[in-house]
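I opened this entry to keep a record of what I looked up, beginning with the ligand site and moving outward to the chain as a whole.

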Amino acid sequence: MARDPGFRCSECGASHSKWSGRCEACGAWNTITEDQALTAGPGARALGARRGAAIRLTDLATQDAEPPRTDSGVAELDRVLGGGLVRASALLVGGDPGIGKSTLLLQAAARFARNGLKVIYVSGEESTAQVQMRARRLGLEKSPVILAAETALRDILTTLEAQAPDLVIIDSIQTMWADTVESAPGSVSQVRACAHELTNFAKRRGLSVIMVGHVTKEGTIAGPRVIEHMVDTVLYFEGDRGHQFRILRAVKNRFGPADEIGVFEMTGKGLAEVRNPSALFLSERGQPAPGSVVFAGIEGTRPVLCEIQALVAPAPHGQPRRSVVGWDGTRLAMILAVLEARCGLPFAGLDVYLNVAGGLRISEPAADLAVAAALVSAREDVALPETTVIFGEISLSGALRPVVQTEIRLKEAQKLGFTTAILPKAAKRLTAPGLALRQVPDLAGFVADVFGAPAAAG
Ligand code: TYD
Ligand code: MG
């Protein structure tokens, strides 16, 4: 194993083999310090010499009892947690500044407190008066949540030890300051040290800790990413600030399924649960327009219908633009290449904009066919019927592959009043009463079937 270099930038976390005044990775000045964790202390030599205690050994069959959980009563939150909050667990809730993390956690704190947990909310960003004002706006001023405004971790831990709460919320980890580490709050070493202390404390004392982490705009290196491996559960709160939808997504969960989402709506009185996300995501759809396609997706265990929008315009000069919001840019490049190679539809000389409406972020390959349909629809300036849903994976050969949970997608489409579904040919016979199924074997067949014979290059 290669030995880790001994210097680290406290801004971006990059490792360096020697000290220098300026970090080559991020360009910051005077941020490089010798990495404390990597310098061998007096204990390093003693490790081999002194005997440790015997650790507990077990087998693969004997199970510890399921950890106790507490419901918040907010179904959208409990599902993302994998069925309530687990005792003695550490969670990270990440997201852009202003997206609604503090609002969400104050509401959650109030719910958990109402369900019998002793909850302490520590704000390092706002004064107690500011948090109280938010509580009043949310109608939560009467809930038995204990509040503090503090950033000194040592004092916080001492207080927690005396108070022995069931749940503590730290808003945010970037404002916390451990006096054992020299660098400034928000730096990689501080964030790491504070998260490590809090996580250990939670495990040792049997309490749960929820840490808020801001995602830095420039990239996520100094953000919550650096502590993802320490915690049990990582949730990201996503959304488009121009929209009211907010999505809480589990990206890691030791106590439940990852990829589960909870959908909320930001209202004047805080976050409201959205029980029927498809209806919400489709509610902003206008008249059928070229480039607009409804995709029947699955998020976690739930079907979610959403609109995919594409715009194709002549690129006046130079490299044509490829701009994607809510989907993967590499995947878009692949779909464009397949459309050109297998269907004779080049996009060279054309700017391409792709957008998943409502601020949703999609990662399943099942969206390939809906994306391709939106692109062709925009290029040919032909609108698809508004009662059609589309899904399917596209392979490089241009063949369409069936996707998982087809029946659930079809059922959701039916429920929302769609009349036609276009999807890959599957080996299994599908039935969906009230829904006309158009099963196509490949992308060229799909384009011919839906758009007729489109104009080739030119
Ligand atoms: P906040 O929870 O402070 O975001 P974060 O902690 O992620 O930085 O919420 C910020 C936004 O939410 C702010 O622009 C105001 C808005 N908001 C509402 O629309 N309704 C509300 O009830 C509250 C409390 C906030
Ligand atoms: Mg906040």
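Which element gives the largest share of the shell around ligand 1? I was working with a predicted model throughout, and in it I found that the largest share, 3 residues, comes from H3.

**Entry on the shell.** I then listed the elements that give two or more residues to the shell around ligand 1, and these are helix H3 (101–114), helix H4 (128–137) and strand S13 (261–267). There are 16 residues around ligand 1, and those that come nearest are Gly-98, Ser-102, Thr-103, Thr-267 and Gly-270. Sorting the shell by residue class, I noted 7 polar residues, 5 charged ones and 4 nonpolar ones.

**Entry on backbone contacts.** I next looked up where backbone atoms meet the oxygen atoms of ligand 1. For Gly-270 I noted a polar backbone atom 2.6 Å from an oxygen atom of the ligand, and for Gly-98 a backbone N or O atom at 2.7 Å from a ligand oxygen. Gly-100 also takes part, with a polar backbone atom that lies 3.0 Å from an oxygen atom of ligand 1. After these distances I looked up how much of the ligand is covered: on its own ligand 1 has 560 Å² of accessible area, and the protein covers 75% of that.

**Entry on cysteines.** Are Cys-23 and Cys-194 buried or exposed? Cys-23 has 0% relative accessibility and therefore counts as buried, the cut-off being under 20%. Cys-194 also comes out at 0% relative accessibility, so I entered this residue as buried too. I then asked how many disulfides there are under the rule that two cysteine sulfur atoms must lie within 2.5 Å, and the count comes to 0.

**Entry on the whole chain.** How is the protein chain divided into domains? The assignment I consulted gives domain 1 as 1–50, domain 2 as 69–275 and domain 3 as 280–451. Between the C-alpha centres of domain 1 and domain 3 I noted a separation of 48 Å. Taken along the principal axes, the C-alpha atoms of the chain fill a box of roughly 75 × 55 × 50 Å. For the secondary structure of the protein chain I wrote down 11 helices and 23 strands, and for burial I recorded that 47% of the 458 residues count as buried.

Key:
Residues are numbered from 1 along each chain as its sequence is written. Chains are lettered from A and ligands numbered from 1 in the order in which they are written. This is a predicted model: local features need pLDDT of at least 70, side-chain atom pairs count only at pLDDT 80 or more; totals for chains, interfaces and linings use all residues. Side-chain values use heavy atoms; hydrogens and water are left out. Buried means under 20% relative accessible area, exposed over 50%, partly exposed in between (1.4 Å probe, protein chains only). Domain bounds come from an automatic or database domain assignment. A residue is near a molecule or strand if one of its heavy atoms lies within 4 Å of it. A polar contact is a pair of N or O atoms within 3.5 Å; within protein, one must be able to donate a hydrogen and the other to accept it, and residues adjacent in sequence count only if both atoms are side-chain atoms. Accessible areas come from the Shrake-Rupley method with a 1.4 Å probe; for residues, only the protein chains shown count as cover. Helices (H or I, at least four residues) and strands (E, at least two) are DSSP runs, numbered from the N terminus. Ala, Val, Leu, Ile, Met, Phe, Trp, Tyr, Cys and Pro count as nonpolar, Asp, Glu, Lys and Arg as charged, and the others, Gly among them, as polar.
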